[in-house]
Amino acid sequence: MTSVDPIATSDCEEVVVVRDRRAHAVAVVALHDTTLGPAHGGIRRVRYPDLAAAVRDVVALARAMTWKCALAEVPAGGGKAVIVDHDDLDREAAYRLVGRTVARLGGRFFTGPDVGTTADDLRIVAAETDRVAIGDGGGAGDLAAATALGVFAAMESLFKALGRAPAGAVVAVQGLGAVGGALCGLLHAAGARLVVADVAADRVAAIVASYGARAVDPAAIATVPCDVFAPCALGGVLTAPVAAALPARGVCGAANNVFAEPAAAVALHARGIPVVPDFVANAGALIAGALWHLRGEAVGEVRIRRIGVTARDLLARAAALGCPPSELALRLAEERVAAARAGAIEDSR
Ligand code: NAI
């Protein structure tokens, strides 16, 4: 294991870079904060321009996991793993490398799926450690379905805050993968009208055929007039210019770290467009995975749907305070972690 840039990782408990030189594999694992419990976070495999970008990404994702755990009230902390993808990657060796790293962290980190990682990849990880949730309907259940249900429950609360029902509402869904596709199913069943985009044409065709959705060019999805914009692809889609022009009445989706810059959150707030924070809406997989790992509990829909209650309270309090929901959510999460840390220090005296 190698230590990395102390500035980029300064608020993390531990960040390690691991390499399998023969397999041309590099992965980074970040444990952000384990005050509330062992770190939980999936494995992302994407291309990065350089190692520094991978470190920045894994740290930001692990940090968001800490806040997600705090607001979802699970006894877990924030962590994440990324594999630096490239044309010559020995995929099996890369996932084995992550599996060995999880095993070596000795119960401080539990992992599961994220963008670019399939159930087959996770079975490779599982050959090295049992601290992994495959997420395809086994022990911890279907994790993407849990995430989609949580986003849907949060969106129901957003609709209430906007003073309308999902039936007949227009929802623009960006990204039709495991979560976005399942979310479309829930929205269609609730009577919403779908406008969808994905860079994968087969996914678009399947959603259009199943739910009568209207497909638009991926570059145009954030310019579609709609009631709710649901980003379910990658993060960073809400830049300041996109936020300044977004023709939606609210935002609620699964994509992590959806704001490219703080100015985007400010712009949407100034325009009166409420955003359910991503780390509140997309906690379904975390709740299902963490409670399975830590308590052997198979959580049901009721527990996941509590995300809707959290979102409802957050939107109402943020509106009363006149601040962006993301700002309030972050404050509440930080307070919870700080209170737990103070309690732990007190207990140890
Ligand atoms: P996925 O990889 O199954 O789906 C992502 C989809 O986005 C793919 O269909 C891909 O083709 C599409 N996409 C990529 N770039 C795009 C673009 N520029 N425009 C439109 N579509 C694009 O990933 P999954 O699992 O559905 O996750 C979606 C998002 O939700 C990710 O940001 C992930 O980090 C986040 N998330 C997922 C959780 C889960 O349980 N799977 C849990 C929490 C967050």
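Trainee: Which element gives the most to the shell around the ligand?

Mentor: That's α4, with three residues. Keep in mind that this is a predicted model.

Trainee: What makes T147 a polar contact of the ligand?

Mentor: Set the value against the cut-off: a polar side-chain atom of T147 lies 2.7 Å from an oxygen atom of the ligand, and the pair has to be within 3.5 Å, so T147 qualifies. T147 is also among the residues that come nearest the ligand, along with V179, D198, R203 and A233.

Trainee: And how do you know that D114 and N256 count as well?

Mentor: Run the check again. For D114, an N or O atom of the side chain is 3.3 Å from a ligand oxygen; for N256 the value is 3.0 Å. Both fall within 3.5 Å, so both count as polar contacts.

Trainee: How much of the ligand's accessible area does the protein cover?

Mentor: On its own the ligand has 820 Å², and the protein covers 82% of that.

Trainee: How does the shell around the ligand divide by class?

Mentor: You get 14 nonpolar, five polar and five charged residues.

Trainee: Moving on, what lines the second largest pocket?

Mentor: There are 20 lining residues, and N257, F259, F279, S326 and L330 lie nearest the centre. The space in there is about 620 Å³.

Trainee: Why is N257 called a lining residue?

Mentor: A lining residue has an atom within 4 Å of a pocket point, and N257 is in that lining, so one of its atoms meets the cut-off.

Trainee: Which element gives the most to this lining?

Mentor: α1 does, with four residues.

Terms used:
Residues are numbered from 1 along each chain as its sequence is written. This is a predicted model: local features need pLDDT of at least 70, side-chain atom pairs count only at pLDDT 80 or more; totals for chains, interfaces and linings use all residues. Side-chain values use heavy atoms; hydrogens and water are left out. A residue is near a molecule or strand if one of its heavy atoms lies within 4 Å of it. A polar contact is a pair of N or O atoms within 3.5 Å; within protein, one must be able to donate a hydrogen and the other to accept it, and residues adjacent in sequence count only if both atoms are side-chain atoms. Accessible areas come from the Shrake-Rupley method with a 1.4 Å probe; for residues, only the protein chains shown count as cover. Helices (H or I, at least four residues) and strands (E, at least two) are DSSP runs, numbered from the N terminus. Ala, Val, Leu, Ile, Met, Phe, Trp, Tyr, Cys and Pro count as nonpolar, Asp, Glu, Lys and Arg as charged, and the others, Gly among them, as polar. On a 1 Å grid over the protein atoms alone, a cavity is a set of points where a 1.4 Å probe fits but cannot get out, and a pocket is an open set with protein on both sides within 12 Å along at least five of seven lines; lining residues have an atom within 4 Å of a point. Grid points are joined across faces, edges and corners, and a volume is the space filled by probe spheres set on the points.
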